[in-house]
Amino acid sequence: MRHRLPFAALLVSMFCAAPLAAGTSDQAGAELANGNRLAAVLRTGRNVLSSNQDLINDPALGDKGLTGSVFVAQVIAAYTAQNGEPPVTDDLSEVQRRLTEAQLSSMAEVIDESQTIFNAEGVGFKGFIPAIFARLVNERFAEKMQAQARVKVTAPGNLVRNRKARPDAWEDGVIEGRFRSAGWEKGAPFYEEVQLDGQSAFRMLIPEYYSTSCLSCHGTPAGEMDVTGFPKEGGAEGDLAGAISITFFR
């Protein structure tokens, strides 16, 4: 069955592959809300990193002043402007607070550890793009959350540029069997309770699509090398570009 709520309500119920087991609806609803918050904060972080590309890639400027604390302050401001409240509020549950704070601190640590790259004088394009930022943040987040939660940005197999981002069997099945099907509602996520690594897990996949800003690297002409040294995929605005994969272990 299908259910819709705007993100402002944290999407407490969305399209599901099959009815959830009896007695788990409250837990599933909480996990959906937590997953959507993590995805929203991650997207905001990528957008803020994108907005700082000119600064990061300025070869004439040494210290950019873009420290972890400065960056996270920009993320909080951007998230607040978009959602009407900051990512961490007094009414969050203990789990929501722990997840969100782990994600924000992961961003701060990744930015602080990248200062040598940012501040290299005489170097233009640094190669520190949103996709790399997101991967590093997700890896740090996984270290902090251990066996509790994971976040990953993946994509259809033919679009993956980094082997670490390759979809696993479950992700690939959802992307190819759901997101790429003609009848799939654009933007609708998919969630399911599964067994993963011998544990019961709640898995959620949120599709992402190319925006205009993506096309300088992923657009046309297909095969032309982009600024990162990869061949462009020939994508168009609105095409399926990837997905945010979120897992909560139980």
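A residue counts as buried when its relative accessible area is under 20%, and that cut-off is the one to keep in mind for Phe190 in this predicted model. F190 has a relative accessibility of 2% and is therefore classed as buried. In terms of secondary structure, F190 belongs to strand β2, which covers residues 190-196. A further residue can be placed relative to F190, namely V174, which is separated from F190 by 16 residues in sequence, while the C-alpha to C-alpha distance between the two is 7.6 Å.

How far the model can be trusted is a matter of the confidence values, and the chain has a mean pLDDT of 90, with 90% of its residues reaching 70 or more. Residues 1-24, however, have a pLDDT below 50, although in the model this stretch has 51 contacts beyond near neighbours in sequence.

Turning to the helices, two packed helices are described by the angle between their axes and the distance between the axes. For helix α3, residues 68-83, and helix α4, residues 94-112, the axes come within 8 Å and cross at roughly 135°. Because angles from 65 to 115 degrees count as roughly perpendicular and those over 145 as roughly antiparallel, the crossing angle makes α3 oblique to α4. The handedness of the crossing in which α3 passes α4 is right-handed. On the α3 side the contact is made by G68, F71, V72 and V75, and on the α4 side by L104, M107, A108, I111 and D112. By residue class, the contact of α3 with α4 comprises 7 nonpolar residues, 1 polar residue and 1 charged residue.

How values were computed:
Residues are numbered from 1 along each chain as its sequence is written. This is a predicted model: local features need pLDDT of at least 70, side-chain atom pairs count only at pLDDT 80 or more; totals for chains, interfaces and linings use all residues. Side-chain values use heavy atoms; hydrogens and water are left out. pLDDT is the predictor's confidence in each residue, from 0 to 100. Contact means heavy atoms within 4.5 Å. Helices (H or I, at least four residues) and strands (E, at least two) are DSSP runs, numbered from the N terminus. Buried means under 20% relative accessible area, exposed over 50%, partly exposed in between (1.4 Å probe, protein chains only). Axes are lines fitted to C-alpha atoms, for helices over the stretch in contact, and angles run from 0 to 180 degrees between N-to-C directions. Angles under 35 degrees count as roughly parallel, over 145 as roughly antiparallel, 65 to 115 as roughly perpendicular and the rest as oblique. A crossing is left-handed if the near helix is turned anticlockwise from the far one by less than a right angle, and right-handed if clockwise. Ala, Val, Leu, Ile, Met, Phe, Trp, Tyr, Cys and Pro count as nonpolar, Asp, Glu, Lys and Arg as charged, and the others, Gly among them, as polar.
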